[in-house]
Amino acid sequence: MGSYDVVVLGAGPSGSTCALLLARAGARVLLLERARLPRDKPCGGGVTLRASAWAPVDVTPVVERTVYGARFSLALGPHFDRWHPLPLTYMTQRSRLDAHLARAAAEAGAELHDGEQALSLETGDGAGATVRTSRGAYRAAVVMGADGANGLASRWLGARETYEEAVALEGNVTVPAAIMDEWRELVGLDLGGLAGGYGWVFPKGDHLNVGVGAWKYAAGTLRGKLEDLCRRYGLPAGGLWGLRGYHLPLRRPGSPLVRGPVLLVGDAAGLVDPLSGEGIHMAFYSARLAAEVVLAYLAGRSPDLRAYERAVARRIAPELELSRHLHEAFHFAPPPYVALLSRSEHFWRLFCHLIRGEVGYQGLVQMLGPLRPLVRFFGLVARRRREVRVASALGRRPAASPIAERL
Ligand SMILES: Cc1cc2nc3c(=O)[nH]c(=O)nc-3n(C[C@H](O)[C@H](O)[C@H](O)COP(=O)(O)OP(=O)(O)OC[C@H]3O[C@@H](n4cnc5c(N)ncnc54)[C@H](O)[C@@H]3O)c2cc1C
């Protein structure tokens, strides 16, 4: 049986970042990926500037477009364009980004086994864990669960069932050069027309990626909404190719992150940003926090991996909690926010600062001064209203627990 300091499950952005940082620091790392690389993954492939800042290597070799502006519409109504002098988001394709990151991890010294699926995780016989795969078994002091929204690790920790779930459906359209040119440095964002989500048009090197996201209960509406989005922007809905949907896991406070020698990062930890639907940002960032903690543990400077829980509680959870409140507040009544984006230069600049990572949600809310507590209050009220409305539409009773306890 092979033996390693760390076995990383999954070579997405979080897994390859963990593997690269740990291998670079001298740990013996096995990076297991069930698919053969390069592999694609349902994703818009938008890497915001704030996300790219945490990437373990330069991502520009796989960037196909750099975005400086956004074309906004409200529920497929009239649109307006907004521009920023500095880059906002890099556009890539996940097949390229993930292969680039996995290659960098292997070059840093991680042993990469693609086409090998982890089938089970066992702990109990002494320190460490055993991972059984489609090809063999490996022993490791630490296992990093970076295997995504539906992976083995989050189910093993009992985390998966604690997450709330959104879903997203994306596809591609090939369009004439004149249309490609129009979208060269621009994303389309249709806000307020989907339950808890939005529609997007993302430019790639030779095609456009289009997608829609929403709360899971609205999954059945997504195909029609995607076609409506295409028609609204003059894109050939009949020519959609590569259609794929997948989960967006949203952790709740208290969702488990560590059990014994196993910890969760990225989507496996439910770290998607509720407001933006972005997951790559926290995939990179949580991987960095986790790698630091694992290195301290392997060096004997830390008795266990619990420092990772504290790091997430301090540095990630407050951001995601505010994002959650803003998400609820936005979806309670989208038109005023879209009007602000259209009319207020200041509001648009704040949006850009957020996307570029120049300010976080906590910094944004600080700007409200004494009105800060209203964000949480309004987020909770909007959430309760939504829960009651959805439960009644589905013929169910709304959750009985007080909302304040549930956030
Ligand atoms: C339609 C859609 C669009 C999105 N668009 C964006 C976007 O534009 N920008 C953004 O920031 N986020 C976006 N997201 C979210 C983003 O895709 C995820 O948050 C991100 O991929 C999380 O990275 P990860 O490394 O944690 O997990 P993943 O990228 O899911 O990687 C997990 C890896 O683990 C592998 N794996 C799974 N099980 C096993 C196993 N048993 N053994 C071995 N390997 C295994 C998988 O094959 C996969 O390669 C989108 C999500 C969806 C669904």
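This short presentation covers the ligand surroundings and one sheet of the structure shown above.

Please note that this is a predicted model, in which local features need pLDDT of at least 70, side-chain atom pairs count only at pLDDT 80 or more, and totals for chains, interfaces and linings use all residues. Residues are numbered from 1 along each chain as its sequence is written.

I begin with the ligand. It is surrounded by 39 residues, where a residue is near a molecule if its C-beta atom, placed from the backbone, lies within 6 Å of it. The closest are Gly-10, Gly-12, Gly-148, Gly-266 and Gly-279. Elements giving two or more residues to this shell are α1 (13-24), β2 (29-33), β12 (164-173), β16 (241-250) and α7 (280-298). Helices (H or I, at least four residues) and strands (E, at least two) are DSSP runs, numbered from the N terminus.

I turn now to the sheet. Seven strands form an open sheet of mixed pairing, in the order β6-β5-β13-β14-β15-β12-β16; two strands pair if DSSP finds at least two bridges between them. At the edges stand β6 (79-83) and β16, each pairing on one side only. Strands β12 and β16 run antiparallel and are joined by eight bridges. Within β16, Trp-241 is the bridge partner of Asn-172.

Finally, the helices. Helix α6 (222-232) lies across β12, β13 (186-194), β14 (197-203), β15 (208-215) and β16, at about 140° to β15. Helix α10 (334-343) packs on the sheet, touching β5 (69-74), β6 and β13. Contact requires C-beta atoms, placed from the backbone, within 7 Å; angles run from 0 to 180 degrees between N-to-C directions, with axes fitted to C-alpha atoms, for helices over the stretch in contact.

Terms used. Two residues are in contact if their C-beta atoms, placed from the backbone, lie within 7 Å.
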